[in-house]
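Please open the model in the viewer and keep the selection panel at hand. The tour proceeds by selections, each followed by what is to be found there.

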Amino acid sequence: MKPLAIFGGTFDPIHLGHLCVAWEAAELLDADVLMMPAGLPPHRPPPIASAAQRLAMLRVALRGQSRLIPDARELARDGASYTVDTLAGLRAEQGDRPLVLLLGADAFAGLPDWHEWRRLFELAHIGVLSRPGEPAPLPQALEQEIAGRRVDDAAALQLVPAGRVIELAVTPLEISSTRIRQLLGAGREPRYLLPAGLFDSTELLSPYRR
Ligand code: ATP
């Protein structure tokens, strides 16, 4: 069965790094990808743009293709968005379909801080997306958890619904939302780091401008 992948993030704002790696993961896994903005991310300060503004930017960014699909379920939930709850909901909906949680290498290295992190492996596979820079060392608890789970071939993810870990070598793009917020805050116009559609109205990027 073709997997369904999930790419979550603050998307404050969504940028071409997110889009490019999500697209490449879709191709490498032969999967559709749910692009899921986090409501109140438990691990970081609250986003600058509101949930509605981040979703509006995402919808504009995803125009013109159907493989990366906006999914607002975490925005609809009150309180912190825990990935484990999202995956449990998707598992109930999708039966035995393989699910693949996509995480940038930096996010993956921090996994042991996540709520009920070991349960994530019962609910989904994990696809680790390479990100430019020195690879973050993995905490020992995470190394131990993934020792018997690593696979090299994406086809292996289609055989069972969850529990495997694959590294996905995607094009390294040194783009981050932090840098884009800094540029916009400094009065710059960071075209070509963001989807062109975000510049079509002055409103979409206004939360970040001075
Ligand atoms: P910020 O700078 O605000 O922390 P970010 O650019 O890292 O934001 P997030 O929305 O926090 O973006 O990231 C969502 C997911 O996308 C995370 O798993 C992160 O590792 C991954 N990601 C973000 N940018 C890239 C990139 N350029 N290449 C690969 N993965 C990325």
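Begin by selecting helix H2, residues 51-61, in this predicted model. Its buried residues are Gln53, Arg54, Met57, Leu58 and Ala61. Viewed down the axis of H2, these buried residues lie within an arc of 140°, so they line one face of the helix. The general geometry is relevant here: an α-helix has 3.6 residues a turn, so residues three or four places apart point the same way. Next, add helix H1 (16-29), strand S2 (32-37) and strand S3 (68-70), against which the buried residues of H2 pack.

Now select strand S1, residues 4-9. Is this strand enclosed or open? Five of its six residues are buried, so S1 is largely enclosed by the rest of the structure. From S1 the chain passes through H1 to S2, a β-α-β crossover that is right-handed. S1 and S2 are paired in parallel over six bridges, and Ile6 stands opposite Leu34 in S2. S1 also runs parallel to S4, to which four bridges join it; Ala5 stands opposite Val100 in S4.

Finally, select the ligand and the 18 residues around it. Those that come nearest are Gly9, Gly17, Gly104, Ser177 and Thr178. H1, strand S4 (99-104), helix H5 (105-109) and helix H8 (177-185) each contribute at least two residues to this shell. H1 supplies the largest share, three residues. Coloured by character, the shell comprises seven nonpolar, eight polar and three charged residues.

Note on methods. Residues numbered from 1 in each chain as written. Predicted model: local features only at pLDDT ≥ 70, side-chain atom pairs only at ≥ 80, totals over all residues. Buried ≥ 20, exposed ≤ 12 C-beta atoms within 10 Å, placed from the backbone. Arc of directions from axis to C-beta. Contact = placed C-beta atoms within 7 Å. Near = placed C-beta within 6 Å. Nonpolar A, V, L, I, M, F, W, Y, C, P; charged D, E, K, R; others polar. Pairing = 2+ DSSP bridges. Right-handed = clockwise from strand over helix to strand, strands pointing away.
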